[in-house]
Each structure stands twice: as structure tokens, then as C-alpha cells.
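Reader: I have a new model open on my screen and would like to learn how to read it. Could you take me through it feature by feature?

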Amino acid sequence: MGRFEEAKSISFALHEAHPELSGSLLLLGNAEMGLKEYRSALRDYGRLLKYSKKPGVIHNMMSVAALKMGDKDKARHYLDLALKESPKNPIVLNNMAFFLADNTKDLSQALDYAKRAVKITPQPFIKDTMGFI
């Protein structure tokens, strides 16, 4: 655990040697998130989009990176895309609920998203979001 530099180095080398292996970009972005290199993670997640059949999941990860960078507008933009592309993904719904509750006054809409997420999968982290709202 916590070996993000190694993971970054390996995933970068893998991507350079085999650019057709798109999973290396996911690993690279995740390692960069662990290293708090959010701008790089956002770039690499963005590069991953052209390979993805489920871009909503990637847009969700991009929203997390943007939020960590402090760019709430960009985070919201990526969350909107993720929700449009994956409207029944409980993690996307949960992240939108938390974002709205933490960054807007739209608690009613936030609670609606959280309820939809918990209905799909009643995981503790989603119930935590409902409690936060």
C-alpha cells in the first residue's frame, strides 16, 4: 500500500511499451491521484476516454480530480457528464449528491440523488452521504 511512485513508473512504462493497453492509463491516473498529482491524473483519465465504452465512470473520476484541484466548476461539469452517461451508477449518484450538498444549497436534489443511490446499493458510504445531507 502507498507505493504510488512505483505504480506510476510501472504503468507509465507499460503504456509507453503498449499504448493499446488502455488500462495502463487508468493505473497511471490512479497512481497520480495517490501522489496528489491531480492535474496529471485529470489529463490521463481524459486520454482514457477514447478507449472507454463506459465514459461515465471515467468522467466521475475526472470530477474527483478536478475537485481535488479546487476547480468546482470543472468538477460539476464532469459529474453532469457522468450522470448523463451512467444515470444508474450508485457511485456517480452518490458523488453528485455529496457535491450538491457540500457546494450548493440544493439539498433537496442532493437527497434525491442519495436516495436513488442507496436504493441501488445500500452501501455504508452512501448512507453516510444521506446523513451528511
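Author: Happily! Let's begin with contact, which means heavy atoms within 4.5 Å. Y113 touches L83, L93, M96, A97 and L100, leaving out residues up to four places away in sequence. Before we go on, this is a predicted model, in which local features need pLDDT of at least 70 and side-chain atom pairs count only at pLDDT 80 or more, while totals for chains, interfaces and linings use all residues. Residues are numbered from 1 along each chain as its sequence is written, and side-chain values use heavy atoms, with hydrogens and water left out.

Reader: Which residues touch the most other members of the largest nonpolar core?

Author: A nonpolar core is a set of buried Ala, Val, Leu, Ile, Met, Phe, Trp, Tyr and Cys residues joined through side-chain atoms within 4.5 Å. Buried means under 20% relative accessible area, exposed over 50%, and partly exposed in between, using a 1.4 Å probe and protein chains only. The largest core here has 30 residues, and Y45 and Y113 touch the most other members. At least two residues each come from α2 (23–34), α3 (38–48), α4 (55–68), α5 (72–85), α6 (90–103) and α7 (107–120). With seven residues, α6 gives the most. Helices are DSSP runs (H or I, at least four residues), numbered from the N terminus.

Reader: Is S11 buried or exposed?

Author: S11, in helix α1 (residues 4–17), counts as buried because its relative accessibility is 2%. To read its hydrogen-bond partners, look for polar contacts: pairs of N or O atoms within 3.5 Å, where within protein one must be able to donate a hydrogen and the other to accept it, and residues adjacent in sequence count only if both atoms are side-chain atoms. A polar atom of the S11 side chain lies 2.7 Å from the backbone oxygen of A7 and 3.2 Å from the backbone oxygen of K8. Beyond its neighbours within four places in sequence, S11 is in contact with S24, L27 and L28.

Reader: Which side chain does H59 join in a polar contact?

Author: The partner is E85, at 2.7 Å between the two side chains. H59 sits in helix α4 and is buried, so its relative accessible area is low in the scale above, at 7%. Setting aside neighbours within four places, H59 also contacts L49, Y78, L81 and A82, besides E85.

Reader: How about empty space: which residues line the largest pocket?

Author: Rolling a probe the size of a water molecule over the atoms shows where empty space is left. On a 1 Å grid over the protein atoms alone, using a 1.4 Å probe, a pocket is an open set of points with protein on both sides within 12 Å along at least five of seven lines, and lining residues have an atom within 4 Å of a point. The lining here consists of S63, V64, L67, K68, A75, L79, N94, N95, F98 and F99. Helices α4, α5 and α6 each give two or more of these residues. About 170 Å³ of space lies inside.

Reader: And where is K36 found?

Author: K36 is in the loop between α2 and α3, and it is exposed, with a relative accessible area of 60%. Its phi is near 65°, a positive value in a residue other than glycine.

Notes:
Points joined across faces, edges and corners; volume = space filled by probe spheres on them.
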